Amino acid sequence: MTVWRLAWRSALRRRRLFVWNVAVPLLLLTPVALSEAAAPHRVAVFGVFLVFFGAFGSAIPAVRDARDGWLDEVLRTGYPAPRWLLERTLAGTAVDAIQLVPVLLLLLWSAGGLRATPVVLLGVLAALWFANLIGPLVAALVRSLAEAALASAALSLLLLHFAGFFRLPVPGWTEIAAAWNPYTPLRAALGAGVGGAPADPAAWFPSFLVILVGTLGAAAFAAEWSRRLRWPRTP
């Protein structure tokens with residue numbers, strides 16, 4: 001059985017947790033979606049939540065799987081580390097997206113932006129893929145669940161900042177950083193969904209290129225990451 005099938009079936013069988021992961025975004029973000037807050041403010045809140053949802057949901061389980069010995073058992077069978085990483089990322093992205101679809105549709109409906117649904121889903125999927133991809137990297141650099149949460153939050157906020165979620169980029173290096181930021185498509189897509197300027201996916205090529213290079217790099221170094229993830233660790 002592949003890691004993809006294991007992760008997918010595990011998520012579906014834990015029905016209570018699955019429903020909870022659908023309900024929490026609705027409980028927290030419905031007031032924001034239905035509020036009279038300015039579009040950039042709603043985009044910022046949703047962007048932070050979506051990225052944290054993916055990053056935390058990837059890094060923390062990676063630490064837990066390593067400490068429990070499950071990861072070591074999988075890799076000892078000869079399962080390729082790059083395949084483990086990519087299948088795990090794919091499964092996490094798919095599960096996260098399904099759990100977030102209800103609150104995303106609520107946001108688009110409340111803002112009258114349902115026509116932007118395909119673009120929004122594309123931006124969300126790209127952001128969730130990258131967030132799930134860096135989870136094992138964060139897990140490989142820390143030694144506890146608390147450190148994984150803290151590192152994920154710090155890295156996510158840094159990338160969100162340079163993507164322009166909190167302050168729009170100005171001409172210069174910040175504009176260049178935003179153009180190549182993996183979370184810029186998410187900001188542009190959410191902005192289009194809440195009544196902003198129409199999003200042009202063709203302009204997201206630099207961001208998608210960074211995501212692609214990051215994916216290939218992660219797969220290339222997956223064996224090293226997996227060795228650092230195995231417990232107990234040596235200093």
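These legends accompany an overall view and a set of close-ups of one predicted model.

**View 1. The whole chain is built from helices, with zero strands.** Let's start with the full picture: there are 11 helices here, and reading along the sequence gives the pattern α-α-α-α-α-α-α-α-α-α-α. Taken along the principal axes, the C-alpha atoms fill a box of roughly 50 × 45 × 30 Å. How does the radius of gyration fit a compact globule of 235 residues? The chain has 18 Å, and a compact globule with that number of residues would have a value near 18 Å, so the two agree. Of the 235 residues, 46% are buried.

**View 2. Four arginines form a positive patch on the surface.** Here you can pick out R5, R9, R13 and R15. Which helix gives the most to this patch? That is helix α1, spanning residues 3–13, with three residues. R15 sits in helix α2, which covers residues 15–33. The relative accessible area of R15 is 65%, and because exposed means over 50%, R15 counts as exposed.

**View 3. A nonpolar patch on the surface brings together L34, L105, W109 and L114.** Together, these four side chains have about 410 Å² of accessible area. Where along the chain does L114 lie? Look to the loop between α5 (81–111) and α6 (117–141). L114 has a relative accessible area of 43%, so this leucine counts as partly exposed, a class that runs between 20% and 50%.

**View 4. E87 and R83 form a salt bridge within helix α5.** Searching the whole structure turns up one salt bridge, and this close-up shows the pair. The closest N and O atoms of E87 and R83 are 2.7 Å apart, inside the 4 Å cut-off for a salt bridge. Along helix α5 the two residues are four apart, or about one turn of the helix.

**View 5. The two partners of the salt bridge, E87 and R83, seen by their accessibility.** Is E87 buried or exposed? E87 has 14% relative accessibility, and since buried means under 20%, this glutamate counts as buried. R83 has 38% relative accessibility, so this arginine counts as partly exposed. The view therefore pairs a buried acidic residue with a partly exposed basic one.

Note on methods
Residues are numbered from 1 along each chain as its sequence is written. This is a predicted model: local features need pLDDT of at least 70, side-chain atom pairs count only at pLDDT 80 or more; totals for chains, interfaces and linings use all residues. Side-chain values use heavy atoms; hydrogens and water are left out. Patches are made of residues with over 30% relative accessible area and no salt bridge: like charges are joined within 9 Å, nonpolar side chains (Val, Leu, Ile, Met, Phe, Trp, Tyr) within 5 Å. Accessible areas come from the Shrake-Rupley method with a 1.4 Å probe; for residues, only the protein chains shown count as cover. The place of a charge is taken as NZ of Lys, CZ of Arg, CG of Asp or CD of Glu. Buried means under 20% relative accessible area, exposed over 50%, partly exposed in between (1.4 Å probe, protein chains only). The radius of gyration is taken over C-alpha atoms; the globule rule is 2.2 Å times the number of residues to the power 0.38.
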